[in-house]
Amino acid sequence: MKFHPWKVPKKRRKKNIAKILQLHFNLKLKPLNLILNLKESEDGLPHHLDKTNTPNMTPDYSSLAFYLVALITDCCLIFANVYFLALFSDLDSDQIHPTDLCKHLNVFIIPEMAVHAVLSVIILLKAPLLFLLNIPLLAWHGYRLQTKRFLMDATQIYRESEKETKILFAKLGFYMILFCFYLFYLIRATMGK
């Protein structure tokens, strides 16, 4: 004969469900009042409604706004690098003239470096561990600025095309990794941790 918990009066139903789990699945469960949080607090409320035992799950809005801005800025940097890669693929397939490519690229190179530098300085103030992740790309941008090799030259673009494409793919991967970290910290700030 099968045991049907819905045929049992409501008072005994919870205890019978625990017995079913113990008998059919050979589970050794904790006492039922600990499982169902049936202990009452000092106010007479059930334990799960007691306000003093609940953790603070309110989000930190300053962290939330910070990581949201960092995530959106990183998305803009990702799209800029995808645009650069599309221009280089157009150059490889002879759909764009080298002077047009340099004109389009040189407009965005310095703003990309500036946005990444400003974002890194802001990250230094809020999350120093994430700043450590940004140091390699900051060093690369500093090296390019110091040696004055950050602007593209139309006369040498075919020679530098393969090298610049590899650099752009590396930067794109780097920005994707940062995107994952920013998204993780944004979710963490949303949950109030």
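**A colleague's note on an all-helix model**

1. Read from one end of the sequence to the other, the chain follows the pattern α-α-α-α-α-α. In numbers, there are six helices and zero strands in the chain. Please keep in mind as you read that this is a predicted model.

2. A few overall figures may help you get your bearings. The chain has 193 residues, and 30% of them count as buried. Its accessible surface comes to about 13,500 Å², with 66% of that belonging to carbon and sulfur atoms. Taking the contacts between residues at least 6 apart in sequence, 66% join residues at least 24 apart.

3. Now to the aromatic rings, where there is a nice little story to follow. The structure holds eight aromatic pairs. One of them joins Phe-66 and Tyr-67 in an edge-to-face arrangement, at 4.9 Å centre to centre and with 70 degrees between the planes. Phe-66 and Tyr-67 are both buried.

4. Tyr-67 has a further partner to look at. Why does its pair with Tyr-185 count as stacked? The ring centres of Tyr-67 and Tyr-185 are 5.6 Å apart and their planes stand at 20 degrees; planes under 30 degrees apart count as stacked, so this pair qualifies. The two residues come from distant parts of the chain: Tyr-67 sits in helix α3 (residues 61-92) and Tyr-185 in helix α6, 118 residues apart. Like Tyr-67, Tyr-185 is buried.

5. Stepping back from the single pairs, which residues do the ring pairs link into a cluster? They are Phe-66, Tyr-67, Phe-184 and Tyr-185.

6. Next, the open space. The largest pocket has a volume of about 210 Å³. It is lined by 14 residues, and the closest to its centre are Arg-144, Arg-149, Leu-151, Glu-160 and Glu-164. Two elements give two or more residues to this lining, namely α5 (128-146) and α6 (157-190). The largest share, five residues, comes from α6. By residue type, the pocket lining divides into six nonpolar, one polar and seven charged, which you may want to have at hand when you look at the side chains.

7. There is enclosed space as well. The count comes to one cavity of 30 Å³ or more, and about 120 Å³ of space lies in the largest cavity. Of its 15 lining residues, the closest to the centre are Ile-109, Arg-144, Met-152, Glu-164 and Lys-171. The elements that give two or more residues to the cavity lining are α3, α4 (98-126), α5 and α6. Here the lining divides into ten nonpolar, one polar and four charged residues.

8. It is worth reading the two linings side by side. Arg-144 and Glu-164 are listed among the residues closest to the centre of the largest pocket, and Arg-144 and Glu-164 are also listed among those closest to the centre of the largest cavity.

9. A last stop is His-97, which is found in the loop between α3 and α4. Why is His-97 classed as partly exposed? Its relative accessible area is 47%, and partly exposed covers values between the 20% limit for buried and the 50% limit for exposed, so His-97 falls in that class. The C-alpha atoms of His-97 and Ala-154 are separated by 8.9 Å, although these residues are 57 residues apart along the chain.

Definitions and conventions: Residues numbered from 1 in each chain as written. Predicted model: local features only at pLDDT ≥ 70, side-chain atom pairs only at ≥ 80, totals over all residues. Heavy atoms only, no water. 1 Å grid on protein atoms, 1.4 Å probe; cavity = no way out; pocket = protein on both sides within 12 Å on 5 of 7 lines; lining within 4 Å. Points joined across faces, edges and corners; volume = space filled by probe spheres on them. Helix = DSSP H or I, 4+ residues; strand = E, 2+ residues; numbered from the N terminus. Nonpolar A, V, L, I, M, F, W, Y, C, P; charged D, E, K, R; others polar. Buried < 20%, exposed > 50% of the residue type's maximum accessible area, 1.4 Å probe, protein only. Contact = heavy atoms within 4.5 Å. Areas by Shrake-Rupley, 256 points an atom, 1.4 Å probe, with all protein chains shown as cover. Phe/Tyr/Trp six-rings, centres within 6.5 Å; stacked < 30°, edge-to-face > 60°.
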